[in-house]
Amino acid sequence: MADQIATVDVEALAADIGEKIYIDVAKWHLFLSDAHLHQSLAEQFCNLLENGLLEEPQILQVLSDISVPLGGGKRKLPLIDLVPAAGQQDLMDILTNFRHRLEESGYSF
C-alpha cells in the first residue's frame with residue numbers, strides 16, 4: 001500500500017513547480033506561483049503518485065484538464081497550451097526528482 005505524502009513534501013513540490021515552471025504569453029513569463037496554480041498542481045501530482053500513476057501521459061492529462069481563464073474569463077485555454085515544451089520537460093524532471101527523493105526517504109509507491 002502506498003504511503004500518504006506529507007504536507008511538507010507537497011508544499012516543497014508546489015514551491016519547486018511555482019518557481020521553475022511558467023506560462024508563456026507573448027514572450028512574457030508568468031510563473032505558476034504568481035498564477036496561483038502551483039499548489040493545486042502539486043496536490044494533483046501527489047495524488048497520482050500515491051496511486052502509482054505518475055507517468056508522462058497522466059502528467060500531460062493534468063495539464064490538459066486545467067483551464068486558465070484569459071481576458072477576464074472571456075476565454076479559457078488548457079494549461080498545457082500555455083506551458084512551453086521546455087517547461088513541460090522541466091516539470092517532468094521536477095516530478096521524477098521528487099519521486100526519487102521520496103523513495104530515498106522511505107516512501108513506497
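Student: Which residues touch the most other members in the largest nonpolar core?

Tutor: Keep in mind that this is a predicted model. The largest nonpolar core has 32 residues, and Leu13, Ile17, Leu41, Phe45 and Leu79 are the ones that touch the most other members.

Student: Which helices supply at least two residues of this core?

Tutor: That list has α1 (7-20), α2, α3, α4 (79-82) and α5 (85-104), each with at least two residues in the core.

Student: Can we zoom in on one core residue? What is Ile17 in contact with, leaving aside its neighbours within four places in sequence?

Tutor: With those neighbours left aside, Ile17 meets Leu32, His38, Leu41, Ala42, Phe45, Leu91 and Ile94.

Student: His38 turns up there. Is His38 buried or exposed?

Tutor: The cut-off for buried is under 20% relative accessible area. His38 has 19% relative accessibility, so it counts as buried. You'll find His38 in helix α2. Not counting residues up to four places away in sequence, His38 touches Ala14, Ala15, Ile17, Gly18, Leu32 and Ser33.

Student: Let's stay with α2. At roughly what angle do the axes of α2 and α3 cross?

Tutor: The axes of α2 (residues 38-50) and α3 (residues 56-65) cross at roughly 150° and come within 11 Å. The crossing is right-handed. On the α2 side, Leu41, Gln44, Phe45 and Leu48 make the contact, and on the α3 side Gln58, Ile59, Val62 and Leu63 do. Sort those contact residues by type and you get six nonpolar, two polar and no charged.

Student: Now rings. How is a pair of aromatic rings described?

Tutor: You give the distance of the centres and the angle of the planes. The structure holds one aromatic pair. Its partners are Tyr22 and Phe31, at 5.6 Å centre to centre with 65° between the planes, which is edge-to-face.

Student: And why does Phe31 count as partly exposed?

Tutor: Partly exposed lies between the 20% and 50% cut-offs. Phe31 counts as partly exposed because its relative accessibility is 29%.

Student: One last residue: where is Ser67?

Tutor: Look in strand β3 (residues 67-70) for Ser67. At 45% relative accessibility, Ser67 counts as partly exposed too. Leaving aside its neighbours within four places in sequence, Ser67 is in contact with Lys76 and Leu77.

Student: How many residues apart in sequence are Ser67 and Glu56, and what is the spacing in space?

Tutor: Ser67 and Glu56 are eleven residues apart in sequence, and C-alpha to C-alpha they are 19 Å apart in space.

Methods:
Residues are numbered from 1 along each chain as its sequence is written. This is a predicted model: local features need pLDDT of at least 70, side-chain atom pairs count only at pLDDT 80 or more; totals for chains, interfaces and linings use all residues. Side-chain values use heavy atoms; hydrogens and water are left out. Axes are lines fitted to C-alpha atoms, for helices over the stretch in contact, and angles run from 0 to 180 degrees between N-to-C directions. Helices (H or I, at least four residues) and strands (E, at least two) are DSSP runs, numbered from the N terminus. A crossing is left-handed if the near helix is turned anticlockwise from the far one by less than a right angle, and right-handed if clockwise. Contact means heavy atoms within 4.5 Å. Ala, Val, Leu, Ile, Met, Phe, Trp, Tyr, Cys and Pro count as nonpolar, Asp, Glu, Lys and Arg as charged, and the others, Gly among them, as polar. A nonpolar core is a set of buried Ala, Val, Leu, Ile, Met, Phe, Trp, Tyr and Cys residues joined through side-chain atoms within 4.5 Å. Buried means under 20% relative accessible area, exposed over 50%, partly exposed in between (1.4 Å probe, protein chains only). Rings of Phe, Tyr and Trp (its six-membered ring) pair if their centres lie within 6.5 Å; planes under 30 degrees apart count as stacked, over 60 as edge-to-face and the rest as tilted.
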